[in-house]
Amino acid sequence: MEDSESNPPKTLTINTRHKCAACFQQFKKKEHLVAHMKISHHSVHQPKCGVCQKHCKSFESLREHMSGPLAKAHCSSVFSQYGCQLCMEVFESPILLGEHKDQCLLSAPACIGTINIPRIDYEALEDENYTGKRLQAVAIDCQMVGCGSDGSLDLLARVCLVDEEENIIFHTYVEPQISVTDYRYELTGLTEEHLLDAMPLKEVQEKISKILYNGESIGKARLDGGKAKLLVGHNLDHDLDCLLMSYPEKLLRDTATYRPLMKTNLVSHSLKYLTKTYLGYNIRLGVHDIFQDCVSVLRLYKRIRSQEHLDDKTATSCTKQNHTFVNPTSKELENMSPDELFQISTPNYPCWCLDSRPCDPP
């Protein structure tokens with residue numbers, strides 16, 4: 001019989017799992033976690049579960065995590081009692097939740113239909129103490145009619161701009177540049193009569209530019225923003241194309257392409273869906289109302305902007321390119337803890353909460 005000492009018991013191998021501090025995904029090797037952090041762009045700006053603190057890439061994925069068919073049991077249970085279905089925040093008590101809902105659930109703005117609104121000559125802001133103030137936002141919405149043989153070519157027919165207090169600061173019908181073949185009455189409510197005394201497109205462009213650039217030169221706005229306003233809308237590229245205008249990309253706030261508001265596969269949601277899901281009321285139940293859409297997209301933007309995510313250090317790095325994983329060596333990165341890796345990770349989109357910060361001095 002062999003001596004037991006010649007055959008020592010086998011040592012059990014413990015498989016260490018490396019868990020991402022943001023999304024909680026686990027990896028067998030540390031190098032795989034590092035690779036994940038390099039491409040995930042996790043940050044404090046991503047929507048976060050108020051129960052387990054998991055970060056998600058979009059509000060849709062957060063909603064699935066907290067209340068979807070495959071939601072995490074504990075998170076779903078807590079959220080069903082203390083969570084707001086609109087903004088996805090979790091509160092400490094049903095009383096606090098009830099108080100919050102009174103403010104979070106909004107009523108639909110009144111429709112203006114196709115009435116003739118007096119043209120408003122908006123005065124550019126002249127404020128000697130402007131430096132350091134937060135940039136103001138203006139929401140825009142356009143209505144199109146059809147041209148071409150089949151009426152499929154979009155032609156600008158109406159435009160509306162609304163300020164942050166939901167006041168109409170510009171509204172007009174737009175003179176057709178070519179013959180209209182389809183007024184799309186079921187969607188727009190427009191007829192030929194609405195466009196008889198409409199404003200020429202060039203004049204529309206001049207008035208909108210005066211509002212957006214706020215009395216400053218286009219060059220100043222493109223360089224550092226200056227006093228130019230933030231332009232908020234849904235599918236802004238299409239609106240600007242129909243206006244035959246451009247605007248600095250850094251001053252655009254588009255609810256159709258803002259990552260946290262998109263589907264998990266980065267496809268845009270409709271404005272109707274976003275309004276119902278995040279504001280709690282329905283739009284476009286009949287004719288597309290240009291003022292109602294303007295106000296709704298502005299409210300969506302302001303709701304996102306009001307989020308409190310970060311400290312000044314993180315805010316400063318948010319708008320920079322993600323170079324934080326480039327300088328350290330692979331070995332140095334692998335020696336970092338998951339929390340340390342998360343701390344040096346930066347987002348690949350500028351969070352709208354940064355718009356609530358005062359402007360940097362010149």
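**Helix 2, its cover and the cysteines**

User: What makes helix 2 (residues 59–67) count as mostly covered?

Analyst: In helix 2, 7 of the 9 residues are buried, where buried means under 20% relative accessible area, exposed means over 50%, and partly exposed lies in between (1.4 Å probe, protein chains only). The buried residues are Phe59, Glu60, Ser61, Leu62, Arg63, His65 and Met66. This is a predicted model, in which local features need pLDDT of at least 70 and side-chain atom pairs count only at pLDDT 80 or more, while totals for chains, interfaces and linings use all residues. Residues are numbered from 1 along each chain as its sequence is written, and side-chain values use heavy atoms, with hydrogens and water left out.

User: What covers the buried residues of helix 2?

Analyst: Their cover includes helix 3 (73–82), helix 9 (271–278) and helix 10 (290–305), and contact here means heavy atoms within 4.5 Å. Helix 9 has buried residues of its own, namely Leu271, Leu274, Thr275, Thr277 and Tyr278, and what covers these includes helix 2 and helix 10. Just after helix 9, Gly280 takes a positive phi of about 95 degrees.

User: How many helices and strands does the protein chain have, and what makes a stretch count as one?

Analyst: The chain has 13 helices and 8 strands; both are DSSP runs numbered from the N terminus, with helices being H or I over at least four residues and strands being E over at least two. Of the 362 residues of the protein chain, 45% count as buried.

User: Why is Cys84 not counted in a disulfide with Cys87?

Analyst: A disulfide is a covalent bond between the sulfur atoms of two cysteines. The rule used here asks for a pair of cysteine sulfur atoms within 2.5 Å, whereas the sulfur of Cys84 is 3.7 Å from its closest cysteine sulfur, in Cys87, and is therefore too far for a bond. By this rule the count comes to 0 disulfides.

User: What about Cys242, and how do you know whether it is buried or exposed?

Analyst: The closest cysteine sulfur to that of Cys242 is in Cys142, at 7.0 Å, so this pair is also too far for a bond under the rule. Cys242 has a relative accessible area of 13%, so it is buried, and Cys84, with 2%, is buried as well.

User: Where does the UniProt record place the feature "domain: C2H2-type"?

Analyst: The unreviewed entry places it at residues 18–47, in the numbering used here and with a shortened feature name, although such annotations may be inferred rather than shown by experiment. In the model, the end C-alpha atoms of this span lie 22 Å apart, and the span is 37% helix and 13% strand.
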